[in-house]
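Reader: I am new to reading protein models, and I would like to go through one slowly with you. Could we take the features one at a time?

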Amino acid sequence: MSSPPTRQWRRVERRLTGRFTVSMRPSLLQLLKAAASAIITWFVCFAIFPQQLPIFGAIAALIVIQDNVDQSLTRGIERVVGVLIGVAVALGAGAIFGPQPWLFIAAIIVSMCVGWMLRMSPTSTNQVAISALLMIALGGLQLNYGFERLIETAIGAAIGFAINALVVAPVRTSAVREAITNLAEHSAQVLRSLADSLAEPRDRAWLTEMHASARKLQAERERVHGLLRQARESLRLNPRSNRHRQGLAEDDALFQRLQPIVTQVIGMSRAIYDLYQADLTTDPAVIGMVEEMRRAAHDLELLVRPGSADETPTEPAALTTPYIILRPHPDHWVLIGSLMEDLRRVRGRITGELE
């Protein structure tokens with residue numbers, strides 16, 4: 001077993017590496033596309049402007065290769081505009097102050113001020129400053145050099161955008177269905193835990209763990225939101241979008257149907273956690289509700305895993321007729337009524353009655 005100092009160091013190490021690493025390696029294809037776009041840009045620009053190394057063009061080509069085509073267009077425009085303003089800043093600063101040793105500092109200050117006045121994003125403002133510094137460091141203050149670097153940047157951005165769009169344009173839809181399925185199955189597990197809490201007496205520690213598991217559904221739901229947003233962005237301006245739009249629309253519709261169920265399940269967990277009493281398990285109304293919760297969990301899983309069309313499910317949908325309580329318990333009627341209303345809404349979403 002690791003000693004406490006070792007475990008503490010590992011936690012610190014994870015925090016440090018987490019600032020510049022990701023949980024999953026980026027696509028190797030995207031890295032190859034970035035390298036190819038930079039190399040192609042280098043040779044194209046060098047053939048057009050043989051007197052200068054095409055550093056501006058290669059940088060633009062690398063920056064433009066993004067996770068989706070829409071982001072590539074945004075980064076390309078951002079880079080071209082940044083170089084345009086950066087070249088103007090460098091030329092203006094040189095014309096006013098001359099070739100002074102501190103001209104770099106003046107260019108940085110002017111670039112930041114211009115970015116602020118034009119309400120540019122921090123990334124775009126930094127592009128202006130970097131372009132101005134490269135202009136001064138590599139080409140001096142000649143107008144023709146600045147114009148050539150602007151053309152070179154536009155070529156690099158165009159090549160990077162074209163390669164990212166035409167060579168297996170990135171699509172981020174595959175993870176959405178899996179995340180939605182996991183969310184539905186976790187919700188079904190929580191529903192079974194709610195049923196278990198009413199089937200036999202549970203202690204406070206068990207209820208705390210059950211409620212903690214239910215609260216995790218919120219983070220899972222937010223993750224699905226993020227994946228759907230990334231998937232939609234990946235289909236914008238994407239030549240491969242037509243074959244993926246229908247599937248994404250179906251996943252989105254399924255998620256919209258699942259969202260209220262998650263809300264109700266979390267609310268049911270909170271109600272049981274706050275109002276639970278051991279004698280609930282002997283109430284006749286609660287005994288019947290246990291079976292309804294387990295049926296709801298069963299049908300919720302069928303909602304995301306219906307099986308193939310050629311297969312007959314091992315068990316059909318379990319929700320048939322609404323469960324009715326004729327006389328609520330005088331001490332537990334608040335909890336029972338709350339659970340019944342939430343269960344009614346869950347049932348309605350599963351069957352489609354509330355859509």
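Author: What follows is a conversation about this predicted model, beginning with confidence and moving on to helices and contacts.

Reader: What is the mean pLDDT of the protein, and where does pLDDT stay under 50?

Author: Where pLDDT is low, the predicted coordinates should not be read in detail. Here the mean is 85, and 85% of the residues reach 70 or more. Over residues 308-314, however, pLDDT stays under 50, and the model has one contact beyond four places in sequence for that stretch.

Reader: Which residues does UniProt list as "transmembrane region"?

Author: An annotation from a record can be set beside the model's own geometry. The unreviewed UniProt entry lists residues 39-65, 77-96, 102-121, 128-147 and 153-171 under that heading. In the model, residues 77-96 are 100% helix, with end C-alpha atoms 28 Å apart, while residues 153-171 are 74% helix and 0% strand, with end C-alpha atoms 26 Å apart.

Reader: At what angle do the axes of helix H4 and helix H7 cross?

Author: For a pair of helices, one looks at the distance between the axes and at the angle between them. The axes of H4 (residues 69-97) and H7 (residues 143-166) come within 9 Å and cross at roughly 175 degrees. Because an angle over 145 degrees counts as roughly antiparallel, H4 is roughly antiparallel to H7.

Reader: Which residues in H4 and H7 meet?

Author: On the H4 side they include Gly 76, Arg 79, Val 83 and Leu 91, and on the H7 side they include Gly 146, Arg 149, Ala 157 and Phe 161. By class, this contact has 13 nonpolar, five polar and two charged residues.

Reader: How many salt bridges does the structure hold, and which parts does the one between Asp 196 and Arg 294 tie together?

Author: The structure holds 15 salt bridges. In one of them, Asp 196 pairs with Arg 294, the closest N and O atoms being 2.9 Å apart. Asp 196 lies in helix H8 (residues 174-199) and Arg 294 in helix H11 (residues 284-304), so this pair ties together parts that are 98 residues apart in sequence.

Reader: Where does Pro 239 lie, and with which residues is Pro 239 in contact?

Author: For a loop residue, it helps to look beyond the neighbours in sequence. Pro 239 lies in the loop between helix H9 (204-235) and helix H10 (242-275). Leaving aside neighbours within four places in sequence, Pro 239 is in contact with Ala 165 and Ala 169. Pro 239 and Pro 170 are 69 residues apart in sequence, and their C-alpha atoms are 9.9 Å apart in space.

Notes
Residues numbered from 1 in each chain as written. Predicted model: local features only at pLDDT ≥ 70, side-chain atom pairs only at ≥ 80, totals over all residues. Heavy atoms only, no water. UniProt positions renumbered as here; feature names shortened; annotations may be inferred. Helix = DSSP H or I, 4+ residues; strand = E, 2+ residues; numbered from the N terminus. Axes fitted to C-alpha atoms, helices over the stretch in contact; angles between N-to-C directions. Parallel < 35°, antiparallel > 145°, perpendicular 65-115°, else oblique. Contact = heavy atoms within 4.5 Å. Nonpolar A, V, L, I, M, F, W, Y, C, P; charged D, E, K, R; others polar. pLDDT = per-residue confidence, 0-100. Salt bridge = Lys/Arg side-chain N within 4 Å of Asp/Glu carboxyl O.
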